[in-house]
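User: I should like to learn how to read the features of a protein model, one at a time. Please take me through this one.

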Amino acid sequence: MLEELKKEVYAANLLLVKYGLVIFTWGNVSGLDAASGLFVIKPSGVAYDDLRAADMVVVDMEGKVAEGKLNPSSDTLTHLEIYKNIKSVCGITHTHSKWATVWAQAKRGIPALGTTHADYFYGEVPCTRDLTDDEIKKEYEKNTGRVIAEAFLGRDPMSVPAALVASHGPFAWGRSAVHSVENAVVLEEAAHMAYASATLKEGILPMQKSLLDKHFLRKHGKDAYYGQK
């Protein structure tokens, strides 16, 4: 079942190691098959060195395992809520990458300070509110996905394809599993740059709106002209 997607999600999970976004088993990638409404996700707690494509777990939109001998990631229900609430998403990456997690632990969104950020994120990457005690005690993983969706009320989540969960860490998404990893890699770089910039200049302000528009819109949208046709 979904053998090609399993291979893609497996390869995407290994990219987390390649790009230094994970230590031990601190992360996971999933990919959605929009036609079937099933998604494939990394199994829980399996070391990346031991991981195989056949280990990937297929999950349905009720959060039930459709195929797989191993338990799916403990973050599965968070991924599920993101898929349910952000309709264009077909891949999700969660890590505890250092610099993005620093901002999450400070409960601060990552401001758009320069063009590296603007090439991928159209404005500040938001940080969620704290979960309530009740939300933590009951359906914690599902509620984590819900507060991510809540942080995008009135915003286009595909123009800022990432969020920080307060006191937790980053989630990034995209058109595929591999694309979500790319966004997670850039998010980590943008988080590091923003931290250093804010340290060098107290009270630093976001970049010019015109420059933000130029860099984001030349890569995204109907009038984009970056790259090859």
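**Reading the model: core, helix and charged pairs**

Analyst: The largest nonpolar core has 53 residues, and the members that touch the most other members are I110, F121, V125, L164, W173 and L187. Helix α7 supplies the largest share of this core, seven residues. Please keep in mind that the model is predicted.

User: Which residues does L187 touch, beyond those up to four places away in sequence?

Analyst: To read a core residue, one lists its contacts after setting sequence neighbours aside. With residues up to four places away left out, L187 touches A100, I110, F121, V125, A162, L164 and P170. Among these, I110, F121, V125 and L164 also belong to the core members with the most contacts to other members.

User: How is the span of a helix to be read, and what does α1 reach from its first C-alpha to its last?

Analyst: One compares the end-to-end distance with the value expected at 1.5 Å a residue. Helix α1 covers residues 3–18, 16 residues in total, and reaches 23 Å, close to the expected 22 Å. The helix is followed by G20, whose phi is positive, near 70 degrees.

User: Which residues of α1 are buried, and what do they pack against?

Analyst: A residue counts as buried when its relative accessible area is under 20%. In α1 the buried residues are L5, K6, V9, A12, N13, L15 and L16. They pack against five strands and a helix, namely β1 (27–33), β2 (38–41), β3 (57–59), β4 (65–67), β5 (91–95) and α7 (177–200). Helix α7 is thus met again here, having already appeared as the source of the largest share of the core.

User: K6 is a lysine among those buried residues. With which residues does K6 form salt bridges?

Analyst: For a charged side chain, one looks for an oppositely charged partner and then asks where each partner lies. K6 meets E3 in a salt bridge of 3.2 Å, N to O. Because E3 and K6 are three residues apart in helix α1, about one helical turn separates them. K6 also forms a salt bridge with E67, with the closest N and O atoms 2.4 Å apart. This second pair links distant parts of the chain, since K6 is in helix α1 and E67 is in strand β4, 61 residues away.

User: How exposed are E3, K6 and E67?

Analyst: K6 is buried, at 7% relative accessibility. E3 is partly exposed at 43%, and E67 is partly exposed at 27%.

User: How many salt bridges does the whole structure hold?

Analyst: A search of the whole structure finds 13. One of them joins D134 and K138, whose closest N and O atoms are 3.8 Å apart. In another part of the picture, salt bridges that share partners join E81, E139, K142 and R146 into one network. As for exposure, D134 is partly exposed at 46%, whereas K138 is exposed at 53%.

User: What lies 2.8 Å from a polar atom of the side chain of N143, and is N143 buried or exposed?

Analyst: A polar side chain is read by finding its polar partners as well as its accessibility. The backbone oxygen of K138 lies at that 2.8 Å distance. N143, in helix α6 (residues 140–150), is buried, with a relative accessible area of 7%. Beyond its neighbours within four places in sequence, N143 is in contact with L131, E135 and K138.

Conventions: Residues numbered from 1 in each chain as written. Predicted model: local features only at pLDDT ≥ 70, side-chain atom pairs only at ≥ 80, totals over all residues. Heavy atoms only, no water. Helix = DSSP H or I, 4+ residues; strand = E, 2+ residues; numbered from the N terminus. Buried < 20%, exposed > 50% of the residue type's maximum accessible area, 1.4 Å probe, protein only. Polar contact = N/O pair within 3.5 Å; in protein donor to acceptor, adjacent residues only side chain to side chain. Contact = heavy atoms within 4.5 Å. Expected span 1.5 Å × (residues − 1). Core = buried A, V, L, I, M, F, W, Y, C linked by side-chain atoms within 4.5 Å. Salt bridge = Lys/Arg side-chain N within 4 Å of Asp/Glu carboxyl O.
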